[in-house]
Amino acid sequence: MATTTTLSMKLLIDTKKNRVLFAEADKDVVDFLFSLLALPVATIVGKLGKESMCGSFGNLYASVENLDYKLVLPGAEKKALLQPTIVPSAATTSTSSLLLPAPSSERPKSFFKCSRYYNSICYEYVTDSSRASCPNCGTKMTRALRYVPPPAADGTGGGQSVQMGSSTGGATAKGFVQGVVTYTVRDNLMVTSMSTISSISLLNTLAVTDFAALQEKTVQLGHTEGLRILKASLQSNTVLTDVFLSKKRPRRCA
Ligand SMILES: [Zn+2]
């Protein structure tokens, strides 16, 4: 159910020059954009594909992928570098995390022990890597255990007595920016709070003279558009135009 999250924003388009002047966006869109700053580089490479990365991070990523396991220290995992754990950022909310994997509650954690279950000391050891060896008997800890998620935060029978943030009604706002304000997102992703005067002066700054050529268009912002925004923001100063108006294939790296 969390996979179909879609945000929307309103673009102001100069149809003559085929460019987005700016977008009117709410808190959710801005939180999404700001949350991009907190993505680990390897996550970005993984999401966009190492071949499509500008610069050399794609090569670093491929080098780790291709590295012989014999060269990796025991206990170290390639996965830790290639698919780093994403620590929620200040801007992260359920809607701003369009690009992230499903919440951990939907991805069961894996735990392992050794298979000597007749030995009571072995019972004390558990690991999250099936490559680990049991400190007691030395055998590989490959026997999978079943993970039991904690009860829901507002669950009826849950034993959780202390809650972060207080009430379940959402007294504590999620994300990073205030929700009561509408924001202006420029084509180059400069984000400011919006006012009528600022919009007019922005049109002035953008040297808009032909107001008849201006057109409003509401666009959806889902996982696909989120990825394209991420990609364009690494390569371009005209992100919204590239993602929402450009019919040609995304530009190649310089
Ligand atoms: Zn053991």
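Biologist: Which residues are buried in H6?

Modeller: This is a predicted model, to be clear. In H6 the buried ones are Gly226, Ile229, Leu230, Lys231 and Ala232.

Biologist: And what covers the buried residues of H6?

Modeller: The cover includes helix H1 (27-35), helix H2 (41-48), strand S7 (214-221) and helix H7 (239-244).

Biologist: How many residues does H6 have, and how far does it reach?

Modeller: H6 covers residues 223-235, so to speak a run of 13 residues. From first C-alpha to last, H6 reaches 19 Å, close to the 18 Å expected at 1.5 Å a residue.

Biologist: Switching to the sheet. What order do the strands come in?

Modeller: The order is S6-S5-S2-S1-S7, an open sheet of 5 strands with antiparallel pairing.

Biologist: Which ones are the edge strands?

Modeller: Strand S6 (191-193) and S7, each of which pairs on one side only. From one strand to the next, the twist averages 30 degrees.

Biologist: Does anything pack on it? I mean, which helix, and what does that helix touch?

Modeller: Helix H5 (residues 196-205) packs on the sheet, where H5 touches strand S2 (19-25), S5 and S6. The direction of H5 makes about 15 degrees with that of S5.

Biologist: Back to S5 and S6 for a second. How many bridges join them?

Modeller: There are 3 bridges between strand S5 (residues 183-186) and S6, and the two run antiparallel. One pair to look at is threonine 184, whose bridge partner in S6 is threonine 192.

Biologist: New topic, the core. Which residues have the most contacts inside the largest nonpolar core?

Modeller: Met9, Leu11, Val20, Ala23, Ala25, Val29 and Leu240, in a core of 26 residues. At least two core residues come from each of strand S1 (7-14), S2, H1, S5, H6 and H7.

Biologist: Why would nonpolar side chains be buried together?

Modeller: That is a general tendency in soluble globular proteins.

Biologist: Take alanine 23. What does it touch, leaving out residues up to four places away in sequence?

Modeller: Alanine 23 touches Met9, Lys10, Leu11, Val185 and Leu240.

Biologist: Now zoom out. How many helices and strands does the protein chain have?

Modeller: The protein chain has 7 helices and 7 strands. Along the sequence, the pattern reads β-β-α-α-α-α-β-β-β-β-α-β-α-α.

Biologist: What share of the chain counts as buried?

Modeller: 20% of the 254 residues.

Biologist: And what about contacts between residues far apart in sequence, what percentage join residues at least 24 apart?

Modeller: That's 60%, among contacts between residues at least 6 apart in sequence.

Key:
Residues numbered from 1 in each chain as written. Predicted model: local features only at pLDDT ≥ 70, side-chain atom pairs only at ≥ 80, totals over all residues. Helix = DSSP H or I, 4+ residues; strand = E, 2+ residues; numbered from the N terminus. Expected span 1.5 Å × (residues − 1). Buried ≥ 20, exposed ≤ 12 C-beta atoms within 10 Å, placed from the backbone. Contact = placed C-beta atoms within 7 Å. Pairing = 2+ DSSP bridges. Axes fitted to C-alpha atoms, helices over the stretch in contact; angles between N-to-C directions. Core = buried A, V, L, I, M, F, W, Y, C linked by C-beta atoms within 7 Å.
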